[in-house]
Amino acid sequence: HADPMVDVEVEVLEPLAQLGKAFSNHVASHVFADEEGQEPEALRLHTLAASLCAFMAKEGFSGCGRSSSDYYRPENSLMNRVIETRTGIPITLSLVYIVVGQ
């Protein structure tokens, strides 16, 4: 991490774990099955991905502005700041989505 003063456990790992648990609870409240009670894998994955996107948007996560002055701001790349501000560049947001979705 770029800032040695950041407590990664408190400012990154714990908030990601909390988001992951909230997403798990969100998913558990939905049934992803066809008429026969079966859950085709492709449908399950597609539905989970869509659910994750909707959940993260509801939590306030979004991409940073498209101007170079917004995009290249360091806080849009630092994981603790992205979690705090709910705004970041695509690669950092992707990492957040991957961890939460696991």
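Arginine 73 is partly exposed in this predicted model, with a relative accessible area of 36%, and the side chain of arginine 73 meets that of glutamate 75 in a salt bridge with an N to O distance of 2.8 Å. The chain that holds this pair has 102 residues, of which 26% are buried, and its secondary structure comes to five helices and two strands. Read along the sequence, these elements follow the pattern α-α-β-α-α-β-α. The points below take up the salt bridges, then helix 2 and helix 5, and finally the surface and contacts of the chain.

**Salt bridges**

- The count of salt bridges comes to four, and the pairs described here include one that links two loops as well as one within a helix.
- Glutamate 75, the partner of arginine 73, is likewise partly exposed, its relative accessible area being 24%.
- Arginine 81 and glutamate 84 also meet through their side chains in a salt bridge, at 2.9 Å from N to O; because the two residues are three apart in helix 4, about one helical turn separates them.
- Arginine 81 is partly exposed, with a relative accessible area of 23%, whereas glutamate 84, at 54%, is exposed.
- Through salt bridges that share partners, Arg73, Glu75, Arg81 and Glu84 are joined into one network.
- Arginine 86 forms a salt bridge with glutamate 59, in which the closest N and O atoms are 3.7 Å apart; this distance still satisfies the criterion, because a salt bridge requires the side-chain nitrogen to be within 4 Å of the carboxyl oxygen.
- Arginine 86 lies in the loop between helix 4 (79-85) and strand 2 (87-88), while glutamate 59 lies in the loop between helix 2 and strand 1 (62-63), so the pair ties together parts of the chain that are 27 residues apart in sequence.
- Both ends of this bridge are partly exposed, arginine 86 having a relative accessibility of 22% and glutamate 59 one of 27%.

**Helix 2**

- Helix 2 covers residues 41-58, and its 18 residues reach 25 Å from the first C-alpha to the last, which is close to the 26 Å expected at 1.5 Å a residue.
- The buried residues of helix 2 are Thr47, Ser51, Leu52, Phe55 and Met56; because they cover an arc of only 160 degrees around the axis, they lie on the same side of helix 2.
- On the other side of helix 2, the residues Ala42 and His46 are exposed.
- The packing partners of the buried residues of helix 2 are helix 1 (8-28) and helix 5 (90-101).
- After helix 2 comes glycine 60, which has a positive phi, near 95 degrees.

**Helix 5**

- Helix 5 has 12 residues, which at 1.5 Å a residue should span 16 Å, and this agrees with the 16 Å between its end C-alpha atoms.
- Thr92, Leu93, Val96 and Val100 are buried in helix 5, and they are placed on the same side of the helix because the arc they cover around the axis is only 100 degrees.
- The exposed residues Pro90 and Ile91 are carried by the face of helix 5 that is turned away from its buried side.
- The cover over the buried residues of helix 5 includes helix 1, helix 2, strand 1, helix 4 and strand 2, and the pairing with helix 2 also appears from the other direction, since the buried residues of helix 2 pack against helix 5.
- Valine 99 is found in helix 5 and counts as partly exposed, at 37% relative accessibility.

**Surface and contacts**

- Valine 99 belongs, with Leu95 and Ile98, to a nonpolar patch on the surface, and together these three residues have about 250 Å² of accessible area; valine 99 can belong to such a patch because its members need over 30% relative accessible area, and valine 99 has 37%.
- The accessible surface of the chain comes to about 6700 Å², and 57% of it belongs to carbon and sulfur atoms.
- Among contacts between residues at least 6 apart in sequence, 59% join residues that are at least 24 apart, and the salt bridge between arginine 86 and glutamate 59 ties together parts that are 27 residues apart.

Key: Residues numbered from 1 in each chain as written. Predicted model: local features only at pLDDT ≥ 70, side-chain atom pairs only at ≥ 80, totals over all residues. Heavy atoms only, no water. Helix = DSSP H or I, 4+ residues; strand = E, 2+ residues; numbered from the N terminus. Expected span 1.5 Å × (residues − 1). Buried < 20%, exposed > 50% of the residue type's maximum accessible area, 1.4 Å probe, protein only. Arc of directions from axis to C-beta. Contact = heavy atoms within 4.5 Å. Patch = residues over 30% accessible without salt bridge, like charges linked within 9 Å, V, L, I, M, F, W, Y side chains within 5 Å. Areas by Shrake-Rupley, 256 points an atom, 1.4 Å probe, with all protein chains shown as cover.
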